[in-house]
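Trainee: Could you take me through how to read a sheet and a nonpolar core in a model such as this?

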Amino acid sequence: MTRLIFLGPPGAGKGTQAKVLSERCKVPHISTGDILRAAVKAETTLGQKAEGYMSAGELVPDDLMLDLIGERLSSEDTAHGWLLDGFPRNVEQAEFLTALLDEIEQRCDSVINLEVPDDVLVSRMLERGRADDKEDVIRNRLEVYRAQTEPLIAFYQAQGLLRSVDGNQALSNVTDALRAIVDKPDVNATAD
Ligand code: AMP
């Protein structure tokens, strides 16, 4: 059973790596960004509410996100594992997730912090060319990450769950490092 949270700035490779691991571990990859982009495309109520925040590089409000993740993690296909990519994004979401997992009697194995220098992040995102990958929006997403998401590193470190991985290396090397963590979730958790 694998339950992992992927932390790390936009462009760090969370989605790419989560996809690979999800196939290997046979557990659902839950990307809140993918769910929101699908909702925007389908023009659902959620999509209509989220679109403006996403195109500005801001976080979609918690009241929308908490319901979404609560429902997703309570469904049958996530009962035996999941990889969370893009959630939590702030302390409120992280506290909600802790309480939710408690309630549904699940435990997160590890929180993966993918570390990549800013200049590499920006060039990766520019290459990717997603709708919200314009230079000023990228800059804002990085600022939002620093202000709201980065504090989660300390949050999970305090819980002994944090595992840092160098995300600035060949894709397959990052995957190997993550596989080692999945195979031995309790070894070498970063204590400092
Ligand atoms: P991502 O694909 O994870 O980079 O997410 C793309 C965009 O979706 C973000 O810039 C946010 O606007 C929104 N988003 C994704 N996940 C969340 C979340 N957990 N909380 C708030 N907004 C989110």
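The dialogue below turns to the sheet and then to the cores.

Mentor: This is a predicted model, in which local features need pLDDT of at least 70 and side-chain atom pairs count only at pLDDT 80 or more, while totals for chains, interfaces and linings use all residues. Residues are numbered from 1 along each chain as its sequence is written, and side-chain values use heavy atoms, with hydrogens and water left out.

Trainee: In what order do the five strands form the sheet?

Mentor: Strands of a sheet pair through backbone hydrogen bonds, either parallel or antiparallel. Here five strands (DSSP E runs of at least two residues; helices are H or I runs of at least four, both numbered from the N terminus) form an open, parallel sheet in the order 2-3-1-4-5, where pairing requires at least two DSSP bridges. Its edges are strand 2 (29–31) and strand 5 (162–166), each pairing on one side only. Strand 4 (residues 110–115) joins strand 5 over five parallel bridges, and Val111 stands opposite Leu162.

Trainee: Which residues of the largest nonpolar core touch the most other members?

Mentor: Nonpolar side chains in soluble globular proteins tend to be buried together. A nonpolar core is a set of buried Ala, Val, Leu, Ile, Met, Phe, Trp, Tyr and Cys residues joined through side-chain atoms within 4.5 Å, buried meaning under 20% relative accessible area with a 1.4 Å probe, protein chains only. Of the 29 residues in the largest one, Ile5, Trp82, Leu84, Leu97, Val111 and Tyr156 touch the most other members. Helix 4 (62–73) is among the elements that each supply at least two residues, and helix 4 gives the most, with six.

Notes:
Buried < 20%, exposed > 50% of the residue type's maximum accessible area, 1.4 Å probe, protein only.
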